[in-house]
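Visitor: Could you walk me through this model and explain how its labels are earned?
Guide: Happily! Have a look at it, and then ask away.

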Amino acid sequence: QVQLVEFGGGLVQAGGSLKLSCAASGSIFRINVMSWYRQAPGNQRELVATITSGGSTTYADSVKGRFTISRDNAKNTAYLQMNSLKPADTAVYYCNANVHTHTTWGREYWGQGTQVTVSS
């Protein structure tokens with residue numbers, strides 16, 4: 001079993017910064033892609049950023065140039081540095097990981113989510 005736990009959400013003023021962390025634990029053999037998603041009230045969950053085990057990244061157009069995804073493979077942890085935050089970034093942010101364990105291959109796991117609120 002694999003668990004993902006997010007940290008770092010909170011309330012920030014527009015223009016401010018927050019850094020989210022996602023720590024994976026359990027019987028992990030290897031983590032492939034790690035991603036951050038977000039879901040605002042009344043909206044569908046949307047992909048924010050992804051990072052492969054080799055460090056290749058992709059971003060949603062809405063966050064390019066403001067958000068940076070990174071990871072520490074030794075710690076099984078991903079990060080999302082969010083700068084120049086806007087009220088439109090307000091959402092619950094979820095971590096997602098594609099994981100190989102010693103008994104399963106390529107299963108996806110989700111964290112419980114962390115609230116990010118940006119005030120105007």
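What follows is a short conversation about a disulfide, a sheet and a core in this predicted model.

Visitor: How do you know that Cys-22 and Cys-95 form a disulfide?
Guide: The cut-off for the two cysteine sulfur atoms is 2.5 Å. In this model the S to S distance of Cys-22 and Cys-95 is 2.0 Å, so the pair is within the cut-off and counts as a disulfide. By this rule the count comes to one.

Visitor: Which parts of the chain does that pair link?
Guide: Distant ones: Cys-22 sits in strand β3 and Cys-95 in strand β9, 73 residues apart. Both cysteines are buried, and the link is left-handed, with -80 degrees about the S-S bond.

Visitor: Why are β1 and β3 called a pair?
Guide: Pairing takes at least two bridges. Six bridges join β1 to β3, so the two strands qualify. They run antiparallel, and Phe-7 stands opposite Ser-21 in β3.

Visitor: What makes β1 and β7 edge strands?
Guide: Each of them pairs on one side only. The open sheet has four strands in the order β1-β3-β8-β7, with antiparallel pairing. Its twist averages 15 degrees from one strand to the next.

Visitor: Which residues have the most contacts inside the largest nonpolar core?
Guide: Those are Trp-36, Leu-80, Met-82 and Tyr-93, in a core of 30 residues. Strands that each supply at least two of its residues include β4 (28-39), β8 (77-82) and β9 (91-101). The most comes from β9, with five residues.

Terms used: Residues are numbered from 1 along each chain as its sequence is written. This is a predicted model: local features need pLDDT of at least 70, side-chain atom pairs count only at pLDDT 80 or more; totals for chains, interfaces and linings use all residues. Side-chain values use heavy atoms; hydrogens and water are left out. A nonpolar core is a set of buried Ala, Val, Leu, Ile, Met, Phe, Trp, Tyr and Cys residues joined through side-chain atoms within 4.5 Å. Buried means under 20% relative accessible area, exposed over 50%, partly exposed in between (1.4 Å probe, protein chains only). Axes are lines fitted to C-alpha atoms, for helices over the stretch in contact, and angles run from 0 to 180 degrees between N-to-C directions.
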